[in-house]
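Morning, everyone. Have the sequence and the model open, and follow along as I go.

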Amino acid sequence: MPNATLERYKQLTTSSGRSEVSAVLNSITLAPPSSLDAAARGDLINLILEDLKACGKRRLSSKDAAQALLAVKTLGRDPSGSEVIAATDNLKTLLAFHSTFKDQPDAASEALRCIANALLLIEPARSTFLEKGVDGGDTCAAMLEATHVPDQIFILSRILFLATASGSFYLQNMMEKKYNGHYVVDIIGSKLECLIQPVSTGANLAREAMTDLLKLTFNILLYYPNMTEAEPQVERPSSSQKVLGDFWDSKLDSLLPPILRVFLTLPSTPNSPILAPLTHVIHALIGIPVSNSLKPIWFATQPTSSSRASISSSRPSLSGTPKSPLSQSPKDGSQPTSRSHSPSRSSPTSPKPSTLDRALSVLTRKSRSPSPVVSNSTQVINRALDLLDGALAYHFPGKTEADDPSVREKLKRESTDSLDDLLSPLAVLITRLCAADETCRVRVRQFIVPDDLDRSAALEERSDILGRCLRLLGSVYHARLKDSIGEMLYAACDSNASTLSGFFGYGNVAGFLFNKGVMSAPPPSESGPSNPPTTTAAGEAINPITGTTVQPKSNLPEMTEEEKEREMEKLLVLFDRLEKTGALPKDQNPIRKAIHEGKFANS
């Protein structure tokens, strides 16, 4: 009987023992999908939710809540069940359960997981969730601010990530509100930093929590600046589609310090140097410009007068009426440690914090390092280069060719992502840092092609980052990674074809330059700070084609004297025929010239 599970649940009464209720709920959780048709599945979800709303008056008591909501979540794994969960009233009910069962963390979490599954499977549910009356986005943002538990951060971040995945204009409204006295950018920054230690120690769901929090952050970086169009970063036709990086909004400046702290602090795994959440940290950093106003944070430099003016203009004003609540958001990127305790949080218009708020604020302050995020100008680029070096060495050990089948087979066993997905973003991040800062360009060149580089052997055959990068430039299977590595090397060489050829040898970069429209070997670069070497430290001349001090050797064996004489005879006959046919003038015959000049006198 297909709907026997539903009938068993209906037979429960207020007098049913807890063991009997538990057995029925357990049978629902373990039942195969085929045991219920769509209608029965929907009826069962609605019955359980109604019983939980009337806890103690119908079939279920508050002690059954966690198991009952687990059953609802299981039923919602089928799209027909999630459609029922996605109904407006059911979404409101599940949100309310988070408060109703606040003393039962498992039940509260299961209620949120039911919502997350519905938003994942039923895309229209995301709009319903944000509608007035449900107010799911605002409710979850406030919950996120109030929690410090990785499990809760994980599920709330996932809900907000799914709800904002389509770039809904709700995102702009969310950014302009305070939740428990804090803006979303500050909430995200606080949670990222408080998760560093749990992730490092392998705490349960801490890695997943940071991953989904960073996914939400990426949604904000992707959509919000293009909504406000506050600071154009590139020149594009007004009719063209907006993409990541076209615009920036200084209201997001305070996201950079905590993201950088995670990037610099989060340990990489030895088995695979770049995995989530580190991959998502890199995605987020790509979305933040390396602008003059943010360079003090990226590179630990003193802000210029223009960047000071930019920072000053974005600070909250304590007098007058701001145009928007968000205009009071802290923007002083050069003071990352004060981001979560900025004047905007204690402004006259802010609600007086409760005792719990103050206690949580103290705990948060203690858990976060008071030191600056970046301590020197090359700290970020060094970390990025170390990660790239380790990742390339892991995926291309020794002198492994870029397209060797073993590389793809190993990756297939370990990950569902391609190397294009895993490593290209890191190369893009290094490229962006090089494009914005001369110190980064010098550091990348010194890291990959140091002054004391041994150029006695083919550069592309080396078993270090230089050899791996050059071998990747000829890859067929890793097209995006190939292009990203090429652009990274190009940016490190001042985006100059002559400089690139000088450092790496034209032969090694000819394919990349051809795709950029450079059809032949560029002329030697003019003198300058980035001038590539023409000789080694020992004074040996560097071949501009190979980038080495060794001339290419023929694989053919040396000819014997008899073979040389036979070849000479063939040439004599060939040139004689050409001369007799008139194809070659007598004075142009190289053999005749050599005889007249006495070069064959001893032959």
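Let me start with a term. A patch, in this talk, is made of residues with over 30% relative accessible area and no salt bridge, where like charges are joined within 9 Å and nonpolar side chains within 5 Å. Asp and Glu count as negative. One caution before we go on: this is a predicted model.

Now to the patches. On the surface, a patch of negative charge brings together Glu562, Glu563, Glu565 and Glu569. Take Glu562. Its place is helix 27, which covers residues 561–580. Its relative accessible area is 49%, so Glu562 is partly exposed.

There is a nonpolar patch on the surface too. Its members are Met568, Leu571, Leu572, Leu574 and Leu578. Together they have about 370 Å² of accessible area. Leu571 sits in helix 27. It is partly exposed, at 37%.

Stay with helix 27 for a moment. Glu561 and Lys564 form a salt bridge there, 3.8 Å from N to O. The two are three residues apart in that helix, which means about one helical turn between them. Glu561 is exposed, at 52%. Lys564 is partly exposed, at 38%. Elsewhere, salt bridges with shared partners link Glu438, Arg441, Arg445 and Asp494 in one network.

How many salt bridges does the count come to? It comes to 18. Let me show you two others.

One pairs Arg158 with Asp212. Their closest N and O atoms are 2.9 Å apart. Arg158 belongs to helix 10, residues 150–163, and Asp212 to helix 13, residues 206–228, so the bridge ties together parts that are 54 residues apart in sequence. Is each partner buried or exposed? Arg158 is partly exposed, with 30% relative accessibility. Asp212 is buried, at 2%.

The other joins the side chains of Arg462 and Asp464, at 2.8 Å from N to O. Arg462 is partly exposed, at 21%. Asp464 is partly exposed as well, at 24%.

Next, the cysteines. How many disulfides does the structure hold? Zero. Look at Cys493. The closest cysteine sulfur to its own is in Cys434, 9.0 Å away, and that is too far for a bond. A disulfide here needs two cysteine sulfur atoms within 2.5 Å. Cys493 is buried, with 0% relative accessibility. Cys469 is buried too, also with a relative accessible area of 0%.

On to helix 9, residues 136–146. This helix is mostly covered, with eight of its 11 residues buried. Among the buried ones are Gly136, Asp138, Cys140, Met143 and Leu144. Ala146 is in helix 9 as well. Ala146, though, is partly exposed, at 42%. Its C-alpha atom is 9.0 Å from that of Tyr179, a residue 33 positions away along the chain.

Here is another pair that the chain separates. Asp246 lies in the loop between strand 3, residues 231–232, and strand 4, residues 247–248. Asp246 is buried, at 5% relative accessibility. From its C-alpha atom to that of Gly287 the separation is 9.7 Å, with the two 41 residues apart along the chain.

Last topic: the backbone. Most residues other than glycine have a negative phi, and most peptide bonds are trans. With that in mind, here are some exceptions.

Asp135 has a positive phi, near 50 degrees, and is not a glycine. You will find Asp135 in the loop between helix 8, residues 124–130, and helix 9. It is partly exposed, at 32%.

Asn180 also has a positive phi, near 55 degrees. This residue is in the loop between strand 1, residues 178–179, and strand 2, residues 182–183. Asn180 is partly exposed, at 38%.

Which peptide bond is cis? The one from Ala276 to Pro277, with omega near 5 degrees. Pro277 is in the loop between helix 14, residues 256–265, and helix 15, residues 278–286.

To close, three places to revisit on your own screens. Go to helix 27 for Glu562 and Leu571. Go to Arg158 and Asp212 for a salt bridge between helix 10 and helix 13. And go to Pro277 for the cis bond. Thanks, everyone.

Technical notes
Residues are numbered from 1 along each chain as its sequence is written. This is a predicted model: local features need pLDDT of at least 70, side-chain atom pairs count only at pLDDT 80 or more; totals for chains, interfaces and linings use all residues. Side-chain values use heavy atoms; hydrogens and water are left out. Accessible areas come from the Shrake-Rupley method with a 1.4 Å probe; for residues, only the protein chains shown count as cover. A salt bridge is a side-chain nitrogen of Lys or Arg within 4 Å of a carboxyl oxygen of Asp or Glu. The place of a charge is taken as NZ of Lys, CZ of Arg, CG of Asp or CD of Glu. Helices (H or I, at least four residues) and strands (E, at least two) are DSSP runs, numbered from the N terminus. Buried means under 20% relative accessible area, exposed over 50%, partly exposed in between (1.4 Å probe, protein chains only).
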